[in-house]
Amino acid sequence: MHELSFAEQILKCVDQEARRHCARGVSRVRLRVGRLSGVNGANLAFCLKAVAEGSAMEGAEVEVDEVAPELVCSDCGRQPVGGVVEPVCPTCGKEAELLLNAEVYIEEVELDVEDDHAEAKS
Ligand SMILES: [Zn+2]
């Protein structure tokens with residue numbers, strides 16, 4: 001279960017973030033998933049909602065952006081863009097190095113933080 005292990009890691013990070021900011025909860029989480037990661041975005045969102053039950057992230061909206069990875073060929077240095085389905089250079093056929101968007105990233109976390117600045121009096 002590829003997606004489930006990612007979901008558990010993401011939950012851990014989001015939970016830490018929520019604690020650090022003393023948030024009451026998490027309203028939204030945006031994730032970036034590289035198309036070569038083998039992770040299915042819809043499955044990941046589903047797993048994340050399942051593991052989030054009982055945590056600060058319970059009930060949070062989960063958005064997943066599936067993105068094309070950015071590659072650089074180690075041989076010819078070309079950077080193929082768009083429509084990449086394999087980590088292979090379309091120019092020379094050598095295996096290209098993944099630079100960005102190879103795995104799963106947390107793009108944005110929206111926390112539900114109590115804002116009592118207006119009430120603060122000295
Ligand atoms: Zn190349």
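## Working through a small fold, step by step

Let's start with one pair: Arg28 stands opposite Glu110 in β5. Helices and strands here are DSSP runs numbered from the N terminus (H or I over at least four residues for a helix, E over at least two for a strand). The model is predicted, so to speak of local features we need pLDDT of at least 70, and side-chain atom pairs count only at pLDDT 80 or more, while totals for chains, interfaces and linings use all residues. Residue numbers start from 1 along each chain as its sequence is written.

**Exercise 1.** Work out which strands sit at the edges of the open sheet of 3 strands.

*Solution.* Begin with the pairing rule: two strands pair if DSSP finds at least two bridges between them. The strand order is β2-β1-β5, and the pairing is mixed. That leaves β2 (61-67) and β5 (104-112) as the edge strands, each pairing on one side only. Going from one strand to the next, the twist averages 15°. Now look at β1 (residues 25-34): 8 bridges join it to β5, and the two run antiparallel.

**Exercise 2.** Find where the two helices lie on this sheet.

*Solution.* Angles run from 0 to 180 degrees between N-to-C directions, with axes fitted to C-alpha atoms (for helices, over the stretch in contact). Helix α1 (residues 2-20) lies across β1 and β5, at about 40° to β5. Helix α2 (residues 41-51) packs on the sheet too, touching β1 and β2, and its direction makes about 155° with that of β2. Contact means that the C-beta atoms of two residues, placed from the backbone, lie within 7 Å.

**Exercise 3.** Check the length of α1, then find its buried side.

*Solution.* First the length. The expected span is 1.5 Å times one less than the number of residues. For the 19 residues of α1 that gives 27 Å, and the end C-alpha atoms are 28 Å apart, which agrees.

Next, burial. A residue is buried with 20 or more other C-beta atoms within 10 Å of its own, exposed with 12 or fewer, and partly exposed in between (C-beta atoms are placed from the backbone). In α1 the buried residues are Glu3, Phe6, Ala7, Ile10, Leu11, Val14 and Ala18. They cover an arc of only 140° around the axis, so they sit on the same side of α1. The arc is taken from the directions from the helix axis to the C-beta atoms. These buried residues pack against β1, α2 and β5. On the face turned away from them, you'll meet exposed residues including Lys12, Gln16 and Arg20.

**Exercise 4.** Repeat the burial check for α2.

*Solution.* Gly41, Leu44, Cys47 and Leu48 are the buried ones. Their arc is only 125° around the axis, which puts them on the same side of α2. Their cover includes α1, β1 and β2. Over on the other side, Ala42 and Ala50 are exposed.

**Exercise 5.** Which residues of β3 (residues 70-73) are buried, and which are not?

*Solution.* In a regular strand the side chains alternate between the two faces of the sheet. Here Leu71 and Cys73 point to one face and are buried, while Glu70 and Val72 point to the other and are not. β3 pairs with β4 (residues 96-100) in the antiparallel sense over 4 bridges, and Val72 has Glu97 of β4 as its bridge partner.
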